[in-house]
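User: I would like a close look at one part of this structure, the contact between its two chains. Please describe it in connected prose that a first-year student can follow.

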2 protein chains.
Amino acid sequence: MEEETTMPCRFRLDLAYDGRCFSGWQSQATDNAVQDVVERALAAICPAVTGVQGSGRTDAGVSALGQVAHFDAPADWRMDGGAWQRALNTKLPPAIRAMRCGAIDPRFHARFSALAKTYRYEIATGDVLPPLRYGLAWHQRDLGPVRDLTDVLRLYEGTHDFGAFCAKRHDGRDEGRDNVRTITLAGVTATDSESLILEFCGNGFLYKMVRFLVGSAVYCVKGRISVGEISRLLKGPAGEARAPYCAPAAGLILVGVHYPEEFEIF
Amino acid sequence: MEEETTMPCRFRLDLAYDGRCFSGWQSQATDNAVQDVVERALAAICPAVTGVQGSGRTDAGVSALGQVAHFDAPADWRMDGGAWQRALNTKLPPAIRAMRCGAIDPRFHARFSALAKTYRYEIATGDVLPPLRYGLAWHQRDLGPVRDLTDVLRLYEGTHDFGAFCAKRHDGRDEGRDNVRTITLAGVTATDSESLILEFCGNGFLYKMVRFLVGSAVYCVKGRISVGEISRLLKGPAGEARAPYCAPAAGLILVGVHYPEEFEIF
């Protein structure tokens, strides 16, 4: 019995943040990372909460509508998910919000339970980058008809070796890893005459992969790389051949992380 | 002939700005006003340009998609509107952009030629204010059905004495002024389940008037002031009776200023 009552209680925490205000998700020695700020808020509420695990890293400047994380609270700490959410939102800066929080099966792991993720990337195509989109969109003019971009993005759909569409991590975490991923959706919508929203859904994304996919698609419709070259790069890295361009972090938003149904909270 | 060539050339300048970064439009002794920043950029390009006149003041925290201003350049200064726009955008911070600039009839005056203005006000109605809307929307829950808000806003349409829906200026500029204005549109649209966009179009707006109209409408649907009281206030200030609430600057955007057709630039 004692065993059972001392088991910590796991919570799923859904977060939104403005990436312009932080040095990315991952804790850094000297910087202002989202993970650090959330961990300080959790510890200010309950000192026994020692960490938060995210579904994955977002780079400096990347925003989130639905980053998902988990943390463990002591079993005798009597706060439900709603109370955690409200308490966190009094401690967090307005640029980070707890959107939902709920107790969850202890087998839930924000990173390892994830089945898929959805990202969005905004390109501002007007003559001038609107001030309210500064830091939230990549300014690129003369992309031609939306159909051309759609045709390139369609090449990404399916199962490919995306090793040519990622950056190497400095910490060597990628050594010997499998770069095969499945993209179930890569599309683009024109929201108005001056903005394009690209959307990507897949079962996993390598380091900076979405930004390489966006950068290469834009370079392709501008004639700086051919459709044939992109198709070849999707067969896996051959020698030193790599995607030509990594689009800036501004523009990228982690929209949501998808889990098996039993890990949903409401 | 000499007279003619020394006439200054007037330019119409359409500006967008992120109100979160500035202390309002109007020059202030110590603050970071949009007008100051634009005047410094103009003078850096051509020292003979000594000022810029806006269509009206926007308060600290109020953004603009289409503020309109004018300035005068020396007749012998050989830059067209496009060149001014490009030069300004290299000098201005990204939170202010010159959206358009064009030479215009010297009878054009950004303030006195204006026929009407359009403002938008965003209310975030979800449980949590999204980080990317922080400073750009007023967070108000439990507003009831959109129809109720529509019914209140409709009261504002038409010609009324709005003296009960404005703040007094400290500089006494309003003394003895006529407070009768005509509102041609006051409506609301639900963009998604968590956001309402209120829109106001009228031939003129008193100091903080849009914010008083929004605050009073929200107080009305929350049952803190009756429809009858709002109707009475629209007959003009009777004694000390005034609108009950001024909504915050965050949320308000000057969408555009409308002029006679001969003053359009493209």
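Analyst: The account below begins with the contact between the chains and then turns to the interior of one chain. The model is a predicted one.

The contact is built from 16 residues of chain B and 16 residues of chain A. On the side of chain B that touches chain A, the elements that give two or more residues are β1 (9–17) and β4 (96–103) of chain B. Of the elements on this side, β4(B) gives the most, with three residues. Sorted by class, the side of chain B that touches chain A comprises 12 nonpolar, two polar and two charged residues.

The arrangement of the two copies comes next. Chain B is superposed on chain A by a rotation of 180°, with 0.0 Å of shift along the axis and an RMSD of 0.0 Å. The two copies are therefore related as by a two-fold rotation axis. Within chain B, the C-alpha nearest that axis belongs to L132(B), at 5.1 Å from it. Both copies use the same surface, since 100% of the contact residues of chain B recur in chain A.

The division of a single chain can now be considered. Chain A is divided into domain 1 (2–113) and domain 2 (116–256). The centres of these two domains of chain A, taken over C-alpha atoms, are separated by 28 Å. Where the domains of chain A meet, 12 residues of domain 1 are in contact with nine residues of domain 2. The side of domain 1 of chain A that touches domain 2 of chain A has four nonpolar, six polar and two charged residues.

One helix of chain A deserves a separate description. Helix α5 of chain A covers residues 209–221, a run of 13 residues. From its first C-alpha to its last, α5(A) reaches 19 Å, close to the 18 Å expected at 1.5 Å a residue. This helix is mostly covered, with 12 of its 13 residues buried. Among the buried residues of α5(A) are M209(A), F212(A), L213(A) and V214(A), and also R211(A) and S216(A). The cover over the buried residues of α5(A) includes the strands β5 (116–124), β9 (195–202) and β10 (252–258) of chain A, together with the helices α4 (146–156) and α6 (227–233) of chain A. Just after α5(A), G223(A) takes a positive phi of about 80°.

How values were computed
Residues numbered from 1 in each chain as written. Chains lettered and ligands numbered in written order. Predicted model: local features only at pLDDT ≥ 70, side-chain atom pairs only at ≥ 80, totals over all residues. Contact = placed C-beta atoms within 7 Å. Helix = DSSP H or I, 4+ residues; strand = E, 2+ residues; numbered from the N terminus. Nonpolar A, V, L, I, M, F, W, Y, C, P; charged D, E, K, R; others polar. Least-squares fit on C-alpha atoms with pLDDT ≥ 70 in both. Expected span 1.5 Å × (residues − 1). Buried ≥ 20, exposed ≤ 12 C-beta atoms within 10 Å, placed from the backbone. Domains from an automatic or database assignment.
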